[in-house]
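This report describes a structure of two chains, its sheets, its helix packing and the contact between its chains. The sequence and the model are shown first.

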Amino acid sequence: MEAALQTNIQNCYHCGDSCKDEPILAHDKAFCCDGCKAVYELLEENNLCTYYNLEENPGLTGKKPVSEARFAYLDDPGVEAQLINFRSDKICKLTFYIPQMHCSSCIWLLENLFKLNPGIAETTVNFLRKEVAITYFHERTSLREVVQLLARIGYEPAITLADTDGKKTSKQSRTIIYKLGLAGFAFGNVMLLAFPDYLSFTEELQHSYGSFFGYLSILLSIPVFFYSARGFFTSAWQGIRQRMVNIDLPISTGLLALFFVSIFDIVTGRGPGYLDSFTGLVFFMLIGKYFQQKTYDTLAFDRDYTSYFPVSITVIKENREEASTAVRNLKVGDRIRIRNQELIPADAILLQGRAMIDYSFVSGESEPVEKVMGEVIYAGGRQEGESIELEVVKEVSQGYLTQLWNDTVFSKDESQSLHTYSNIAGKWFIIVTLLVAAGALWYWVPRDMDMAMKAFTSVLIIACPCALSLATPFVHGHTMRVFGRNKFYIKNAAVVETLAKIDTVVFDKTGTLTEPSEAEVTYTGKTLSSAQQQAILSVLRHSTHPLSQRISHALTGDTAQVQHFQEYAGKGLAGEVNGMLVRIGSAAYLGVPADKQQDTLKTTVYVSVDGTLLGYYTFFNVYREGLRQVLQGLGDKKIAVLSGDNNHEEARLQELLGQEAELNFNQSPLQKLEYIQRLKQGGQHQVLMVGDGLNDAGALKQSDAGIALSNSVTNFSPSCDAILDAGAFDKLSTFLNFSKKSMNLILLTFAVSLIYNVVGLTIAVQGLFTPIVSAILMPISTLSVMAFATLSVRYAAKKAGL
Amino acid sequence: MHIIFILIAISVVVAAGFLAAFLWAVRSGQYDDDYTPAVRMLFENEYKPAGKSEKLEQKTS
């Protein structure tokens, strides 16, 4: 029976959605809507049906048709100039971000765009960045036509205010790859030239060609010294200037000693020098740096409101003409029109139309809020339903939400913490090294001047904490990968160290602790007969109001015919079922006297049948699955909640989070920021903020580590240090504990590399340090540290269940 | 044994050639995207009239 039912439900050939209503049959295929059918026909006409052969149902639903008038602003030469990267007499080049891209069919279709619009010369997709680079002939087509074509086939590019602000996302720096390539080249060749030194029977060879090999090695090492290793020297120098010792200082001392002792040895003919070790160390340490730098290019961690806001908006002029204007130029007093699914860019008063505002970007609350004429609508909301007319009361950057970005927190540069493990280790390292070097000098000077110099320089060379400096990037890098596998994406490796120190966790409520798409519905009042319940459900089914839909989801049963159905905007519903007059709506609509109203803070919906008030429905938040588990895992960390909502859930939250938890309600975005500031004052607390909406953006930025919770990772999320997929919320405490564990692993790796240093130093102070010893000891120590870091993190991750 | 000078010179020149090739590859953006080209090379070139093969496939399915 079930199998038969399933074959009856047809899936759309284009987008794969099940066709709930009658499927549209055309060309022997079923489509769920006209939009999908239209895209198919367009592709078929142009012989682009390979699209459907590469992947099954690759399309994007065409249910939400876009009005093409929306793209009128792209005809504006100013907007065009800001979006285009390159323009010549014939062609224009630009790059779009297309979040909908998801499969190889997408790549294929987007790279065959020229078949749909002959004005397009070439399109190249970068799938990981979800970008498409387009070249088109501006005589044959226009920017607007290109965007319209993309929108028509379902790949509407995300063009936001940030794109036109000139804040172009900088291309990933390739410097590290150049440095790595150069160091690798030099390392390989110098080692080849140094090889005869490792074997004693080639002494004759060394005798006749030694100086030639030596000078060639110097030649090969010079670019490594000046280009590849430059980063270590500049970082150490900056540290000295700020009177701080960082890990790069002992590294630089070691590298300098290695390089100049080698040159001295070769030029004076004393020996072959240690240039193979020098280039090798730079190469290995650059690998460590590269490993640490590799982050999630595709995720944007530093978005502000401009990444969410549209570029242009429809303005109604005095003569009722509509024109699109750049959002930046909106002035107080302008009248604007917002259509279905459009974002409101500035605080404005509602003048006309029925506003249902979805604030999910801002607060995480998914239920649209109804607004009546004359009410102020804050920027950041998305209109659902008919088009509305508004009058701007504040400029874009001065709005309730957007003024948050005027706070100084957002203009400050993020300074790298100097109190990282490796920097503290570096400080002790250089002290011990200098002591040992001085000791060797003190011991050898009265006995053998030559030996004294040798021992002194060898100590500086061997004590180069290169293996030590590799421990941190490798442990952090692998921890980052473990987190990424579990859908927790951190901005850079340093965040691991911040997370390990956290002692206070602050949560946003709506959308973070609660499941945004669900709410528990309870009924209070006189018991309903089954006939009454059926009548109520039947009336509710006729309404598209979100509250009606939530209640009807919670109720079960059949529906009956409804007569005289009416919906009063902002008030409620009325309808007749089997002769019963059912009215459902707000307290005011049903005439419930104010003193009899229960729990005014909660959202309530009252019900009356035939004029008698029966009772009311109330909505409770549903907390995320695994919340208890997370709270248990957090152990003795201080917990607080910042909610923009009212306090009707206070009792439930307090019970859930424990008595010590601090609960704050009715918090504005700025208050949230200030709360975190207060917590951090005096440096007593290391604060982790977990939030999801734009209203948490300030708090996320202000906290030591901000985690943005997101239902779809590539989607919008406010600026933060890490993005956590909502599905992995239950692992939050595991992540925190694991970052602590990874700090212990770093210490352990330090211990391993210290053993090598002790062995090396013992050889060095005795003056026995030779090129062959260095050629064996240095690669072994670096490679074993890399291997140890990698394996230990893997093992710990397995044990922690990540 | 003077041949060693020539051999070493040749080996360094060859290695430098590879280094130059690597730098060129980085500069031309070949290391920027390591996923899409791998997918792109699997797409068929469609020189034959695409409509024909399309209809054949529809019949078989």
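## Sheets, helices and contacts

In chain A, helix α5 (residues 104-111) lies across β5 and β6 (131-137), and its direction is at about 160° to that of β5(A). Angles here run from 0 to 180 degrees between N-to-C directions, with axes fitted as lines to C-alpha atoms, for helices over the stretch in contact. Helices (H or I, at least four residues) and strands (E, at least two) are DSSP runs, numbered from the N terminus. The model is predicted: local features need pLDDT of at least 70 and side-chain atom pairs count only at pLDDT 80 or more, while totals for chains, interfaces and linings use all residues. Residues are numbered from 1 along each chain as its sequence is written, and chains are lettered from A and ligands numbered from 1 in the order in which they are written.

β5(A) and β6(A) belong to an open sheet of four strands with antiparallel pairing, in the order β3-β4-β6-β5. The edges are formed by β3 (86-87) and β5 (120-126) of chain A; each has a single partner strand, so one side of each is left without a neighbour in the sheet. Strands count as paired if DSSP finds at least two bridges between them. Within the β3(A) and β4(A) pair, F86(A) stands opposite K93(A) in β4(A).

A second set of pairings centres on strand β26 (residues 687-691) of chain A. Five of its five residues are buried, so β26(A) is largely enclosed by the rest of the structure. A residue is buried if 20 or more other C-beta atoms lie within 10 Å of its own, exposed if 12 or fewer, and partly exposed in between, with C-beta atoms placed from the backbone. V687(A), M689(A) and G691(A) are on one side of the strand, L688(A) and V690(A) on the other. In a regular strand the side chains alternate between the two faces of the sheet. On the β17(A) side, M689(A) is the bridge partner of V506(A); on the β27(A) side, L688(A) stands opposite A705(A).

| Strand pair | Sense | Bridges |
|---|---|---|
| β3(A) and β4(A) (residues 91-97) | antiparallel | two bridges |
| β17(A) (residues 504-508) and β26(A) | parallel | four bridges |
| β26(A) and β27(A) (residues 705-710) | parallel | four bridges |

Helix α21 (residues 627-634) and helix α25 (residues 732-765) of chain A pack at an angle of about 25°, with axes 7 Å apart. α21(A) is therefore roughly parallel to α25(A), a term for angles under 35 degrees, with over 145 roughly antiparallel, 65 to 115 roughly perpendicular and the rest oblique. V630(A), G633(A) and L634(A) of α21(A) meet L732(A), S733(A), T734(A) and N737(A) of α25(A). Residues are in contact if their C-beta atoms, placed from the backbone, lie within 7 Å. This contact has three nonpolar, four polar and no charged residues. Ala, Val, Leu, Ile, Met, Phe, Trp, Tyr, Cys and Pro count as nonpolar, Asp, Glu, Lys and Arg as charged, and the others, Gly among them, as polar.

Chain B has three helices and zero strands, and of its 61 residues 0% count as buried. Its contact with chain A involves 19 residues of chain B and 18 residues of chain A. α1 (3-27), α2 (36-40) and α3 (50-60) of chain B each supply at least two residues of that side, and α1(B) gives the largest share, seven residues. By class, the side of chain B has 12 nonpolar, two polar and five charged residues.
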